[in-house]
Amino acid sequence: MRDLLSYIIKRFGWMLITLWIVYSVSFVLMRSVPGNPFSSERNVPPAIERQLKARYNLDAPPIEQYVDYLVGIVTRFDLGWCIRLEDYSVNQVLAEGFPVSASLAIFALVFAIVLGVSAGVVSAVYRGSFADVSMMAAAVLGIAIPNFVLASLAILLFVFGIQLFPAGGWGTLRQVALPALCLGAPVAAYIARLTRAGMLEVMTRDHVRTAFAKGLPHRTVITRHVLPGAMLPVVSYLGPATASVLTGSLVLEKIFALPGMGSHFIYAATQRDYTLAMGMVLTYTVILFIMNSLVDISYSIIDPRVKLQ
């Protein structure tokens, strides 16, 4: 317990340092891009542009903007007001978009884990069979095809062809099912290959051979002796899998018209909304850091030989 508490404190300290670095780099990069949030097809009169810059403190020196915004985040957890979305704060946008993105990510990860582990177990148990070859071929295709291409094909097939799912929107299980499947398919492919490789490696160990020699049922040996050991590579991959799901959702939320953080992130980037883009970057950083920490902790729980450092 003491080691776990010490690990969490250290990770929290590293997260704060990482957030400060991400904030600094993002601040410099966003203000290095030509133009500003008020550059658009319609030319804003100079007087109105000066008033808008004064309202959002964009007329202050860069170092003053850097310090003021950072102090607001640290002291009040205030990410400021959106520049292009009037009367909306960044905190409000995150509060509305986060549940959508989180729900999509959870559905996608659950689908990926269930499908990937099942396919990997079947492929390992029936190694060299038609099921093994076909599933691993499908896994290679799942890894090679980007999720936005898969989403386009899925829309053509399941929306306009079979008309099984709606084209977009949010609120029902049918609306979240198709984007979750498209988002989780590449992750499921990786998990299937990792599960198969882990199963084949564990099945050659002495304790598994001993279990078979004792006459235990095949299913019991697979589920109790082989599968837990084969899950270690899969658990290690859950951190990168979370990153893949979060970054992949940026495009899929736009394709399926989902009101999640990904859609707002793309909007902030195209409209040069400094505060909204900064809030999104920091939020994604926190989520990825927390998920990687949880994966490390769970890895030490599954395998007691692994020590948290």
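A residue counts as buried when its relative accessible area is under 20%, as exposed when the area is over 50%, and as partly exposed in between, with a 1.4 Å probe and protein chains only. The model is predicted, so local features need pLDDT of at least 70 and side-chain atom pairs count only at pLDDT 80 or more, while totals for chains, interfaces and linings use all residues. Residues are numbered from 1 along each chain as its sequence is written, and side-chain values use heavy atoms, with hydrogens and water left out.

**Exercise 1.** Decide whether Gln65 is buried or exposed, and find its contacts.

*Solution.* Begin with the location: Gln65 belongs to helix α3, residues 62-76, where helices are DSSP runs of H or I with at least four residues, numbered from the N terminus. Next, its relative accessible area is 8%, so Gln65 is buried. Finally, leaving aside residues up to four places away in sequence, Gln65 touches Tyr23, Phe27, Arg31, Asn57, Leu58 and Ala60, a contact being heavy atoms within 4.5 Å.

**Exercise 2.** Describe how the recorded transmembrane region at residues 12-30 appears in the model.

*Solution.* First, an unreviewed UniProt entry lists residues 12-30 as one of its transmembrane regions, 104-126 being among the others; such annotations may be inferred rather than shown by experiment. Then compare with the model, in which residues 12-30 are 100% helix and 0% strand, with end C-alpha atoms 26 Å apart. For residues 104-126 the corresponding values are 96% helix, 0% strand and 33 Å, strands being DSSP runs of E with at least two residues.
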